[in-house]
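Here is a quick walk through one chain, with an eye on how its strands pair and where its charged side chains meet. Have the model open as you read.

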Amino acid sequence: MAGINETLRGLLKIDGVLGASVVDYYSRLLLGAVGHPAGPDLEKAALVDTDVVRAKLAALETLGYSPDRMEDILITLDDEYHLIRPLSRRGNDGIFLYVVMNRAHADLTATRNWLRAAEEEFDV
């Protein structure tokens, strides 16, 4: 089992990652964060990204999709990727991982694969 700090330190080792956090979207609490000075304010991001996750889950419900079908939410900016991965497996419902990457240096596929694997080991 990997805890919050171990998971975040692992994410920061991925090329292009500027910051990462673990957020409880029920309570809007930032459970942990790690980042480079060039990255965004992860505490503010946790608060507003909670609304993004809630809105997408509501949209899926309206469309008749199971929320378990959502793997991630990708937001593409001119120089960054913001990746949100809700964790619904292994009793971590209500938790999401948030990763900010430098678009010029990021390996989006590798990061998604890493998040998928980390979810299997993650435990709050």
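## Strand pairing and salt bridges

Let's start with the strands: β3 (residues 73-76) and β4 (residues 80-87) run antiparallel and are joined by 4 bridges. Bear in mind that this is a predicted model. The two strands, β3 and β4, make a hairpin, with 3 residues sitting between them. If you want a spot to zoom in on, T76 stands opposite Y81 in β4.

Now for the charged pairs. Side chains of opposite charge can pair when their charged atoms come close. How many salt bridges does the structure hold? There are 3, and here they are with their N to O distances.

| Salt bridge | N to O distance |
|---|---|
| D51 and R28 | 2.5 Å |
| R116 and E71 | 3.2 Å |
| R112 and D72 | 2.9 Å, closest N and O atoms |

Take the pair of D51 and R28, whose side chains meet at 2.5 Å. D51 lies in helix α2 (residues 42-63), while R28 is in the loop between β1 (17-24) and β2 (29-35), so this salt bridge ties together parts that are 23 residues apart in sequence. Both ends can be checked for exposure: D51 has a relative accessible area of 38%, which makes D51 partly exposed, and R28, at 30% relative accessibility, is partly exposed too.

Next up is R116 with E71, at 3.2 Å from N to O. This pair links distant parts of the chain: R116 belongs to helix α3 (residues 108-121) and E71 to the loop between α2 and β3, 45 residues apart. On the accessibility side, R116 comes in at 34% and counts as partly exposed. Its partner E71 is at 41% and is also partly exposed.

That leaves R112 and D72, with their closest N and O atoms 2.9 Å apart. Again distant parts of the chain are linked, with R112 in helix α3 and D72 in the loop between α2 and β3, 40 residues apart.

Is D72 buried or exposed? D72 counts as buried, because its relative accessibility is 18% and the cut-off for buried is under 20%. R112, on the other hand, has 24% relative accessibility and counts as partly exposed.

To pull the helix α3 story together: R116 in helix α3 pairs with E71 in the loop between α2 and β3, and R112 in helix α3 pairs with D72 in that loop. The strand β3 that follows in the naming of this loop is the one in the hairpin with β4.

Key:
Residues numbered from 1 in each chain as written. Predicted model: local features only at pLDDT ≥ 70, side-chain atom pairs only at ≥ 80, totals over all residues. Heavy atoms only, no water. Pairing = 2+ DSSP bridges. Salt bridge = Lys/Arg side-chain N within 4 Å of Asp/Glu carboxyl O. Buried < 20%, exposed > 50% of the residue type's maximum accessible area, 1.4 Å probe, protein only.
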